[in-house]
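Let's take a walk through this protein, starting with the overall picture and ending with a few rings and loops. Keep the structure open while you read.

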Amino acid sequence: MSTSAWRRAGASLVAAIVIAGVAGCQSGEKDKAADAPKAENRSGSAATQVLTAAYKKTAAAGSAKVRMTMEMPATTDGGGSMEMSGTMGWNPSTMDMTMTGEALKVSPDAPEQIRMVMLDNVMYMDMGEKAASGMDGKRWMKMDVAAMAEASGDEAAQKQLTGGLENANQDPSQQLAMLLESPNLKHVGAEKIDGVDTEHYKGSLAVDEMMDTNKSLDVLSEKERKDLLDSVKKAGITGYDTEVWVDKEGYPIRMDIGIGSAEGKIRMVADYSDYGTATAVKAPPAEETFDLMEMLAEAGAGADAANS
């Protein structure tokens, strides 16, 4: 892949991270109990009671296997569909997923699938053997999003991107916590999902309500929150709808999140299983890894030298 293709690959992933950060509600490494939904402050409905219990069980599990589909409008960065499958953990945030789909096609020689590993606030992407042949045998692209944001000198962007990285794994317990804040939460009824008996619930939040409940944005100042809210509204994001299917064990086995935007609807559907059984995530070998930020900086310095 050329330097410009690597840049587009990185930009596409950052765009996905930011969208996940806006959509998510993860609280990072804080004590989850402090962020538990306050059921006593709500209507006390049966739906609230069931989802509060599901929140507690899911938060305690700490990990799960997941199959996720993300669909983004073709006019957005990284637009198209993407499928991901693997394992994820929360508190701390970890991920080991394999991605496929048209959204990965940033260049003709882009790989058919990309394995993505996240831990310690760093993302690694396995770009395949073809990429390794042009990168001294190094096939793993490293993206330290916090470092990239810090290099930009924009403190608000740094906080937003770091929060977005924490949210990228879509911790299902925090999605339940946000759904519990919906003013129109309701029980849809009993349904079977892949042969499993479940109860179906749904609700929605406007963008202002979404921002108020997103704990990862607590690090922003009042002005930064206002600027972020203005930029989200300017981008045409109006809010989102969430649906969840809870099995008889009290775990969410499917979540369907739709985000309204001026470009069209962004949709994420995730199926969860095997709660609490994920194995530890490991970073790829250092000798097989190259830093995207360093590579782009070197390319920029070379271009400046050539033009001087």
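**The big picture**

The protein chain has 9 helices and 12 strands. Keep in mind that what you see is a predicted model. The chain holds 308 residues, and 50% of them count as buried. Look at the contacts with a separation of 6 or more, and you'll find that 59% of them involve residues 24 or more positions apart. As for the outside, the accessible surface is about 14,300 Å², with 50% of that belonging to carbon and sulfur atoms.

Now let's go inside. In soluble globular proteins, nonpolar side chains tend to be buried together. Here, the largest nonpolar core has 41 residues, and the members that touch the most others are L51, M125, V244 and Y272. Helix α2, running over residues 46–61, gives the most to this core: 6 residues. Take L51 as a guide. Not counting its neighbours within four places in sequence, L51 is in contact with L176, L179, L180, L185, Y201, V244 and V246. There's also a second, separate core of 9 residues, with M72, M178, I266 and M268 among them.

Next, the aromatic rings. The whole structure contains 3 aromatic pairs. One of them joins W90 and Y275 edge-to-face, with 6.4 Å centre to centre and 70° between the planes. W90 sits in the loop between β2 (80–89) and β3 (94–100), while Y275 sits in the loop between β11 and β12, so this pair ties together parts that are 185 residues apart in sequence. Both W90 and Y275 are buried.

Y275 has another partner, too: Y251 and Y275 are stacked, at 4.5 Å centre to centre and 10° between the planes. Y251 belongs to the loop between β9 (239–247) and β10 (252–260), and this pair links distant parts of the chain, 24 residues apart. How accessible is Y275 itself? Its relative accessibility is 13%, which is under the 20% cut-off, so Y275 counts as buried. Put the ring pairs together and you get a cluster of W90, Y251, Y272 and Y275.

Finally, a look at some backbone angles. Most residues other than glycine have a negative phi. D194, though not a glycine, has a positive phi of about 50°. You'll find D194 in the loop between β7 (186–193) and β8 (196–206), and it is exposed, with a relative accessible area of 61%. D274 also has a positive phi of about 50° without being a glycine. D274 is in the loop between β11 (266–273) and β12 (289–291), and it is partly exposed, at 39% relative accessible area.

Note on methods. Residues are numbered from 1 along each chain as its sequence is written. This is a predicted model: local features need pLDDT of at least 70, side-chain atom pairs count only at pLDDT 80 or more; totals for chains, interfaces and linings use all residues. Side-chain values use heavy atoms; hydrogens and water are left out. Helices (H or I, at least four residues) and strands (E, at least two) are DSSP runs, numbered from the N terminus. Buried means under 20% relative accessible area, exposed over 50%, partly exposed in between (1.4 Å probe, protein chains only). Contact means heavy atoms within 4.5 Å. Accessible areas come from the Shrake-Rupley method with a 1.4 Å probe; for residues, only the protein chains shown count as cover. A nonpolar core is a set of buried Ala, Val, Leu, Ile, Met, Phe, Trp, Tyr and Cys residues joined through side-chain atoms within 4.5 Å. Rings of Phe, Tyr and Trp (its six-membered ring) pair if their centres lie within 6.5 Å; planes under 30 degrees apart count as stacked, over 60 as edge-to-face and the rest as tilted.
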